Amino acid sequence: MGIIKSGGIVIDAKESGETSKLAEIFTEQFGLMKVLAKGARRPESRFGAATEPLTLIQGVYYVKEDNGIANLSAADIVSPFQHTHDDINKYSYGSAWAEILVSNLPYSEPQKRLYSVFHQALKDLEDIPDEQVEKFFWAYALKFIALLGYRPEFMICSGCSVGKSDDWMFSVENGRLYCKQCSQSLRDSLFMRLDSGETRILSVFSTADRTVLERITIDEKQMKTVRDVIEGFRRYHIQPEGELKSLQFREKINKKND
Ligand SMILES: [Zn+2]
């Protein structure tokens, strides 16, 4: 393969050896790559800041045939997403997105649509006001899950195609929506109950861009249901099976500050 170039977003980085870092980089051209940044932990290294998680870089990689690990041979920071790095709440949410992606993306398979949605998510996270962050997090998490191959349906009943109901059941197993009547014939399914407002929010989350997301208002009860549905669906279908570590960390910090 030799030398390749691509824009990419660092989604994870671990210490490696005495002075190096082993990073997971979601590249635009080649999908997820495992990248060794030699000497990145030396204070004078030009790779130090460029291998911080949630940083957009333009990278040059030397790809060897044998072990699937590329060597970083040059890196320019395109965006450090500085506001996100300076804000523990935003950073935790951004890291939770990265956690979802790193656990599910296959190596060396371009995922251009998902890459572009993730890039947009980080750009939005940079400058949305604090009170919008949780809403944006779950909306984009739902988009990522859909682009990873698990697209849930929130528009109509999958049994009888009815589009209006005050009382819906969402099947965590197959990601489909059922009216009350149809859900009774599927007794064994793992269902979550939704009202019409919550269903509408989830359907908007699946498709909406920033302008629409900014305008949609969600009360606390709706936020809780929406969060439970997306997280329940995510945990059932994709990795990691447990809670997202970055969100657990965020909760701990919030408790300390209470
Ligand atoms: Zn029905």
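**Exercise 1. Strand β2 and its neighbours**

Task: In this predicted model, find how many residues of β2 are buried, and work out which strands β2 pairs with.

Solution.
- Step 1. Start with burial: β2 has eight residues, and seven of them are buried, so the strand is mostly covered.
- Step 2. Look towards the N terminus. β1 and β2 run antiparallel and are joined by eight bridges. One pair to find on screen is E15 with its bridge partner K21 in β2.
- Step 3. Inspect the connection. β1 and β2 make a hairpin with three residues between them, and G17 in that turn has a positive phi of about 60°.
- Step 4. Now go the other way along the chain. Seven bridges link β2 to β3, again in an antiparallel arrangement. Here F26 has L32 of β3 as its bridge partner.
- Step 5. Check the second connection: a hairpin of three residues leads from β2 to β3.

β2 therefore pairs with β1 and with β3.

**Exercise 2. Where two domains meet**

Task: Describe how domain 1 and domain 2 touch, and say which strand gives the most to the domain 1 side.

Solution.
- Step 1. Set the bounds: domain 1 covers 2-80 and domain 2 covers 102-257.
- Step 2. Place them in space. Their C-alpha centres are 31 Å apart.
- Step 3. Count the contacts: 14 residues of domain 1 meet 13 residues of domain 2.
- Step 4. Ask which elements supply the domain 1 side. β1 (2-16), β2 (20-27) and β3 (31-37) each give at least two residues to it. β3 gives the most, with four residues.
- Step 5. Sort the residues on that side by chemistry: seven are nonpolar, three polar and four charged.

**Exercise 3. The largest nonpolar core**

Task: Locate the largest nonpolar core with respect to the two domains, and explain why it lies where it does.

Solution.
- Step 1. Note its extent: the core holds 59 residues. F26, V35, W97, L101, F118, A141 and F144 have the most contacts inside it.
- Step 2. Find the main contributor. Helix α4 (residues 133-147) provides the largest share, eight residues.
- Step 3. Compare with the domain bounds. Both domain 1 (2-80) and domain 2 (102-257) give residues to the core, so it lies between them.
- Step 4. Zoom in on F118. Leaving out residues up to four places away in sequence, F118 touches I9, F26, W97 and L101.
- Step 5. Put this beside a general tendency: in soluble globular proteins, nonpolar side chains tend to be buried together.

**Exercise 4. Unusual backbone geometry**

Task: Which residues other than glycine have a positive phi, and where is a cis peptide bond found?

Solution.
- Step 1. Recall the background: most residues other than glycine have a negative phi, and most peptide bonds are trans.
- Step 2. Take F81. Its phi is positive, about 45°, and it sits in the loop between β5 (69-79) and α1. F81 counts as buried because it has 21 C-beta neighbours inside 10 Å, against a cut-off of 20 or more.
- Step 3. Take S161. Its phi is also positive, about 70°, and its place is the loop between α4 and β6 (167-171). S161 has 10 other C-beta atoms within 10 Å, so it is exposed; the cut-off there is 12 or fewer.
- Step 4. Turn to the peptide bonds. The bond between Q239 and P240 is cis, with omega about -15°. P240 belongs to the loop between α8 (220-237) and α9 (245-257).

**Exercise 5. Q82 and its surroundings**

Task: Is Q82 buried or exposed, and how far is Q82 from T55 in space?

Solution.
- Step 1. Q82 is part of helix α1 (residues 82-86).
- Step 2. Inside 10 Å, Q82 has 10 C-beta neighbours, so it counts as exposed.
- Step 3. Q82 and T55 are 27 residues apart in sequence, and their C-alpha atoms are 8.8 Å apart.

**Exercise 6. The whole fold**

Task: Why can the protein be called as compact as a globular protein of its length?

Solution.
- Step 1. List the elements: there are nine helices and eight strands.
- Step 2. Test the radius of gyration. The value is 20 Å, close to the 18 Å that the globule rule gives for 258 residues, so the protein is as compact as a globular protein of that length.
- Step 3. Add the dimensions: the C-alpha trace spans about 65 × 45 × 30 Å along its principal axes.
- Step 4. Finish with burial and contacts. Buried residues make up 33% of the 258. Of the contacts between residues at least 6 apart in sequence, 59% join residues at least 24 apart.

Conventions: Residues are numbered from 1 along each chain as its sequence is written. This is a predicted model: local features need pLDDT of at least 70, side-chain atom pairs count only at pLDDT 80 or more; totals for chains, interfaces and linings use all residues. Domain bounds come from an automatic or database domain assignment. Two residues are in contact if their C-beta atoms, placed from the backbone, lie within 7 Å. Ala, Val, Leu, Ile, Met, Phe, Trp, Tyr, Cys and Pro count as nonpolar, Asp, Glu, Lys and Arg as charged, and the others, Gly among them, as polar. A nonpolar core is a set of buried Ala, Val, Leu, Ile, Met, Phe, Trp, Tyr and Cys residues joined through C-beta atoms within 7 Å. The radius of gyration is taken over C-alpha atoms; the globule rule is 2.2 Å times the number of residues to the power 0.38. Two strands pair if DSSP finds at least two bridges between them.
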